[in-house]
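The following report examines the strands, sheets and core of one protein chain. Please consult the sequence and the structure shown here alongside the text.

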Amino acid sequence: MKKLMLIIAVLGFALSASAQKGAKIEFKDKDNTIDYGTVTKESDNGVRVFEFTNTGDAPLIITNVQSTCGCTVPSKPKEPIMPGKTGQIEVKYNMNPGPIRKTITVESNAVNYEGGKVPLKIKGTVVAASDVNVMEKKKTLLNN
């Protein structure tokens, strides 16, 4: 009986010690990814917003947000995000034609990610606006 009580006491202590205190960041988007889909440069400005909530019990401080290349420009909140409040990280992609596969790294004091670093991803495809070929249009009109 003493052994059982000792085991229960040790487990209870271990569980209470593992509860994380501090700021926690939770992003709204599934897998921290935003999918642009298939877009054209002319129809889309390339701006997307990652929304997050501080689900912890301390102010969340975003210290740095950086992209893997210069074609993607992120911006971070300037003020701490208080517990229970939401914030945004805006990302602007330059919309060069081709596939989009970029990672943005968020550095913060969040205790629910190792080192406070959270990877965000954008994906999709930018296609060139298709020019209407005047000859093809005339052919279809003549065939009717």
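V39 counts as buried because its relative accessibility is 11%; buried means under 20% relative accessible area, exposed over 50%, and partly exposed in between (1.4 Å probe, protein chains only). The model is predicted, so to speak of local features requires pLDDT of at least 70, side-chain atom pairs count only at pLDDT 80 or more, and totals for chains, interfaces and linings use all residues. Residues are numbered from 1 along each chain as its sequence is written, and side-chain values use heavy atoms, with hydrogens and water left out.

**Surroundings of V39**

V39 lies in strand β2, residues 33-40; strands are DSSP runs (E, at least two residues), numbered from the N terminus. Leaving aside residues up to four places away in sequence, V39 is in contact with D44, R48, M95, T125, V126 and V127, where contact means heavy atoms within 4.5 Å. V126, in β8, also stands opposite V39. A128 is 89 residues from V39 in sequence, yet their C-alpha atoms are 8.6 Å apart in space.

**The mixed sheet**

Strands β2 and β8 (residues 117-127) run parallel and are joined by 6 bridges; two strands pair if DSSP finds at least two bridges between them. They belong to an open sheet of 4 strands with mixed pairing, in the order β2-β8-β7-β4. β2 and β4 (62-67) are at the edges with a single partner strand each, so one side of each has no neighbour in the sheet. On average, neighbouring strands here are turned by 15 degrees against each other, direction ignored; axes are lines fitted to C-alpha atoms, and angles run from 0 to 180 degrees between N-to-C directions.

**The antiparallel sheet**

Another open sheet of 4 strands has the order β1-β3-β6-β5, with antiparallel pairing. Its edges are β1 and β5 (72-75), each with a single partner strand, so one side of each is left without a neighbour in the sheet. Neighbouring strands in this sheet are turned by 30 degrees on average, direction ignored.

Strand β3 (residues 47-54) takes part in two of these pairings, and the table lists them with β3 as the common member.

| Partner of β3 | Sense | Bridges |
|---|---|---|
| β1 (residues 25-27) | antiparallel | 3 bridges |
| β6 (residues 86-93) | antiparallel | 7 bridges |

On the β1 side, I25 has N54 as its bridge partner, and F27 stands opposite F52. On the β6 side, R48 stands opposite V91. In a regular strand the side chains alternate between the two faces of the sheet. Strand β3 shows this alternation: R48, F50, F52 and N54 point to one face and are buried, whereas V47, V49, E51 and T53 point to the other and are not.

**The nonpolar core**

Which residues have the most contacts inside the largest nonpolar core? They are I89 and I122, in a core of 25 residues; such a core is a set of buried Ala, Val, Leu, Ile, Met, Phe, Trp, Tyr and Cys residues joined through side-chain atoms within 4.5 Å. Two or more residues come from each of β1, β2, β3, β4, β6, β7 (98-108) and β8. β8 gives the most, with 4 residues. Among the residues that I122 touches are I34, Y36, F50, V91 and I104.

**The disulfide**

The whole structure contains 1 disulfide, a pair of cysteine sulfur atoms within 2.5 Å. This disulfide joins C69 to C71, with S to S 2.3 Å. The link is left-handed, with -45 degrees about the S-S bond. C69 counts as partly exposed because its relative accessibility is 26%, whereas C71 is buried at 16% relative accessible area.
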